[in-house]
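Reader: Please take one part of this model and look at it closely. I would like one connected account, with the cut-offs spelled out.

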Amino acid sequence: MRIVRQILHIKKKSLIKPQRYSVHLCIGMQLIKQLRPRYNVAMKREARAYGFVRLSQGPAPRLQVVRSAGLDETATYYGPFRGAHQLEEAVRALNDVLGLRDCALSTPMHFPDRPDLGPARTRTPGCIRHEIGKCLGPCIGVVAEPAYLEQVRTALAFLEGETETPLAPLHAEM
């Protein structure tokens, strides 16, 4: 009887054939958020469990975990990944190992080899993550742009499954 009631409430039917399952899942989550179907209670809760890894654009790209993909068309997204909280921990570990920044997107970046970005400003306090060896310090101008971008390329290769280089320091710590 419940299924008959659900069928009676159908207003529009459409078929979307995406290339990959992850795209299908992303479209489904976006439609559920947008349309808020009455009978899809389980998936509303499920959508919060997924996360995407977002690579921002700009002089010093940043990896971060977001709950929905595609809000920023200039960024690159990876996912969806199940377990958003574990994903946040994994991205934090990846940032730490590779020395990628995690400061706010509004924080100005300064590279010694890019004078067009402006002179490096002395931050008070300085970059604490740089001081403890977890960040290369693009916000305080202590790393050259090619060196930072090489670490970003390593992170992308890791996310695409092409390398396991970032895992070596983590295995050494165990």
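Author: Gly161 comes just after helix H6 and takes a positive phi of about 80 degrees. This is a predicted model, in which local features need pLDDT of at least 70, side-chain atom pairs count only at pLDDT 80 or more, and totals for chains, interfaces and linings use all residues. Residues are numbered from 1 along each chain as its sequence is written, and side-chain values use heavy atoms, leaving out hydrogens and water.

Helices (H or I, at least four residues) and strands (E, at least two) are DSSP runs, numbered from the N terminus. H6 covers residues 145-159. Its 15 residues should span 21 Å, taking 1.5 Å times one less than the number of residues. The end C-alpha atoms are 21 Å apart, which agrees.

Which residues of H6 are buried? They are Glu145, Tyr148, Val152, Thr154, Ala155, Leu156 and Ala157. Buried means under 20% relative accessible area, exposed over 50%, and partly exposed in between (1.4 Å probe, protein chains only). The cover over these buried residues includes strands E1 (50-55), E2 and E3 (76-82), and helix H4 (84-98).

Now to one of those strands. E2 runs over residues 63-66 and holds Val66. Val66 counts as buried because its relative accessibility is 17%. Contact means heavy atoms within 4.5 Å. Leaving aside neighbours within four places in sequence, Val66 is in contact with Gly51, Phe52, Arg54 and Tyr77. The C-alpha atoms of Val66 and Ala84 are separated by 8.5 Å, with the two residues 18 apart along the chain.
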